[in-house]
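Q: I'm trying to get better at reading strands in a 3D picture. Please give me a close look at how they pair up here, one neighbour at a time.

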Amino acid sequence: MASNNDSIKKTIIVALSLCLVCSVFVAAAAVGLKPIQNANKDLDRKRNILSAANMLDTSTSVDEVFESIETRLVSLKTGRFATDAEINQAGIDVATYDQQAAAKDPALSEVLVNDPASIKRRAKFATVYLVKSDAGIDRVILPVHGYGLWSTMYGFIALENDFDTVIGFGFYDQGETPGLGGEVDNPNWKALWEGKKIYNDQGEAVIQLAKGGVDSADPQAIHKVDGLSGATLTSRGVTNLVQYWLGEEGFGPFLSVLRSEGDQ
Ligand SMILES: Cc1cc2nc3c(=O)[nH]c(=O)nc-3n(C[C@H](O)[C@H](O)[C@H](O)COP(=O)(O)O)c2cc1C
């Protein structure tokens with residue numbers, strides 16, 4: 001006697017079996033691909049650091065160029081490189097430290113009272129990248145982040161060894177609208193940062209985006225970069241986050257120490 005394959009019971013069994021098999025495949029793919037995803041994420045981070053520092057070289061692999069960069073942790077409280085005692089006490093490893101993850105960990109972060117970058121809390125230790133020559137530090141690359149209109153934007157800014165002049169700036173993770181705020185990723189806009197100065201004569205971080213574009217006759221033009229058209233709110237976010245991270249409550253004290261004492 002032929003069995004009835006159209007019965008409700010059989011339909012449900014087939015559907016459930018299919019779901020089970022597919023979910024096993026999806027889960028296996030997610031777990032199996034995780035190491036590759038992490039490796040790609042790491043590679044992308046390195047590429048963005050090198051790009052900000054103007055060190056990308058198409059003839060050499062990113063990993064190879066990155067070997068010439070020294071990774072250090074800075075205590076944002078003291079404005080100095082984190083000591084071994086501080087690192088041990090915090091139970092972190094410089095090689096694997098993830099500043100973004102640390103900012104969410106109450107033990108490794110602090111709530112911000114003054115919060116112009118709208119990040120709510122920040123990690124106590126920041127990862128900085130140094131390019132050195134025989135003469136000492138050649139360039140420094142600093143991580144910065146802050147809220148735009150829709151998203152927290154994460155980027156790197158690279159400075160020359162006057163710790164004031166910008167070499168390059170770019171975001172590696174942002175969710176602003178493509179064509180509007182998303183233009184923070186436009187290479188033409190990023191190129192406008194090169195040669196700009198962060199600090200005024202009083203040592204205040206005054207670099208900012210100028211609505212409607214920079215007037216070259218403006219005496220402050222050296223501290224200004226064209227704002228993004230149709231994206232006033234993202235532009236304001238960029239100004240706020242750069243001024244915050246390079247200011248007195250961000251990397252300002254650390255950069256002052258580098259200026260006066262060099263590599264400690
Ligand atoms: C769909 C949509 C997406 C938008 N995305 C952004 C954005 O990413 N960043 C931004 O600053 N403004 C964005 N805006 C525009 C702002 O809402 C706001 O109108 C604008 O920033 C203010 O004026 P502006 O034209 O002087 O820049 C968007 C608007 C719409 C309708």
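A: Let's start with what counts as a pair: two strands pair if DSSP finds at least two bridges between them. E1 and E2 make that cut with two bridges, running antiparallel. You can find one of their contacts yourself: Ser75 has Arg80, in E2, as its bridge partner. Keep in mind that this is a predicted model.

Now zoom out a little. The strands form an open sheet of six, in the order E2-E1-E5-E6-E7-E8, and the pairing is antiparallel. The edges of that sheet are E2 (80-81) and E8, each of which pairs on one side only. Something also leans on the sheet: helix H6 packs against it and touches E6 and E7, with its direction at about 135° to that of E6.

Next, follow the chain through E6, E7 and E8. E6 and E7 are antiparallel and joined by nine bridges. If you want a spot to check, look at Gly146, which sits opposite Met153 in E7. The chain gets from E6 to E7 by a hairpin with four residues in it.

On to the next pair. E7 and E8 are antiparallel too, with six bridges between them. Here the spot to look for is Phe156, facing Gly170 in E8. The hairpin between E7 and E8 has five residues between the strands, and Phe163 there takes a positive phi near 55°.

So what sits around these strands? The largest nonpolar core has 51 residues, and Ile141, Leu142 and Ile157 touch the most other members. Elements that each supply at least two of its residues include strands E1 (69-75), E5 (125-133), E6 (136-147), E7 (152-160) and E8 (166-173), along with helices H1 (8-52) and H6 (232-246). H6 gives the largest share, six residues.

Ile141 is a nice place to finish, and it belongs to E6. Skipping its neighbours within four places in sequence, Ile141 is in contact with Ile49, Ala52, Ala53, Val128, Tyr129, Phe156 and Ala158. Try matching those names to the elements: Ile49 falls in H1 (8-52), Val128 and Tyr129 in E5, and Phe156 and Ala158 in E7. Phe156 should look familiar, as it's the residue opposite Gly170.

Note on methods:
Residues numbered from 1 in each chain as written. Predicted model: local features only at pLDDT ≥ 70, side-chain atom pairs only at ≥ 80, totals over all residues. Core = buried A, V, L, I, M, F, W, Y, C linked by C-beta atoms within 7 Å. Buried ≥ 20, exposed ≤ 12 C-beta atoms within 10 Å, placed from the backbone. Contact = placed C-beta atoms within 7 Å. Axes fitted to C-alpha atoms, helices over the stretch in contact; angles between N-to-C directions.
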